[in-house]
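Biologist: Can we go through how the helices pack in this one? Please keep it simple.
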Amino acid sequence: MQFIWATLGLVCVALALIGVVLPLLPTVPFLLLAAFFFARSSERLHTWLLTHRLFGPMIVDWQQSGAIRPGAKKAATLSIAAVFGLSHLLSAPSHVLAIQAVVLGGVLIFIWTRPNG
């Protein structure tokens, strides 16, 4: 079972790394999942992730206080705006734009109502 947890954690880290450069893929949720999986499989991998200079502080902020850093909030907002703008530029149907507006608006409300890390 530990092998499965570790594999899932590594897959989540890979998806998070892709999400760093691809605005459509979130980074932090995959890192939080990776921390969860690593905590159940490998103390070494879990410690590595929590002490990572780039990813560690985001995970620790979330685990300790449910906080999101202001820079991450701004990056998420820009990514969400880019996705919605791209959908508009590609002439997505009105109902798709409406669904996106509601869902992405809800995500933004969630993000911006979290405490600052």
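Modeller: Sure. This is a predicted model. The axes of H1 and H2 come within 8 Å and cross at roughly 160°.

Biologist: How do H1 and H2 run relative to each other, roughly parallel or roughly antiparallel?

Modeller: Angles over 145 degrees count as roughly antiparallel, so H1 and H2 are roughly antiparallel to each other. The crossing of H1 past H2 is left-handed.

Biologist: Which residues meet there?

Modeller: On the H1 side they include Trp5, Leu8, Cys12 and Leu15, and on the H2 side they include Phe30, Leu33, Phe37 and Arg40. By class, the residues of this contact are 15 nonpolar, three polar and one charged.

Biologist: Next, H2 and H4. What is the angle there?

Modeller: H2 and H4 pack at about 75°, and their axes are 10 Å apart. That makes H2 roughly perpendicular to H4.

Biologist: And which residues touch?

Modeller: Val28, Leu31, Leu32 and Ala35 from H2 meet Met58, Ile59, Trp62 and Gln63 from H4. Seven residues of the contact of H2 with H4 are nonpolar, one is polar and none is charged.

Biologist: Changing topic: which residues of H3 are buried?

Modeller: In H3, residues 43-51, the buried ones are Leu45, His46 and Leu49. They fall within an arc of 100° seen down the axis of H3, so they line one face of the helix.

Biologist: What covers the buried residues of H3?

Modeller: The cover includes H1 (2-21), H2 (28-41) and H4 (56-65).

Biologist: And what is exposed on the other side of H3?

Modeller: Glu43, Arg44 and Thr51 are exposed there.

Key
Residues are numbered from 1 along each chain as its sequence is written. This is a predicted model: local features need pLDDT of at least 70, side-chain atom pairs count only at pLDDT 80 or more; totals for chains, interfaces and linings use all residues. Side-chain values use heavy atoms; hydrogens and water are left out. Buried means under 20% relative accessible area, exposed over 50%, partly exposed in between (1.4 Å probe, protein chains only). Helices (H or I, at least four residues) and strands (E, at least two) are DSSP runs, numbered from the N terminus. The arc is that of the directions from the helix axis to the C-beta atoms. Contact means heavy atoms within 4.5 Å. Axes are lines fitted to C-alpha atoms, for helices over the stretch in contact, and angles run from 0 to 180 degrees between N-to-C directions. Angles under 35 degrees count as roughly parallel, over 145 as roughly antiparallel, 65 to 115 as roughly perpendicular and the rest as oblique. A crossing is left-handed if the near helix is turned anticlockwise from the far one by less than a right angle, and right-handed if clockwise. Ala, Val, Leu, Ile, Met, Phe, Trp, Tyr, Cys and Pro count as nonpolar, Asp, Glu, Lys and Arg as charged, and the others, Gly among them, as polar.
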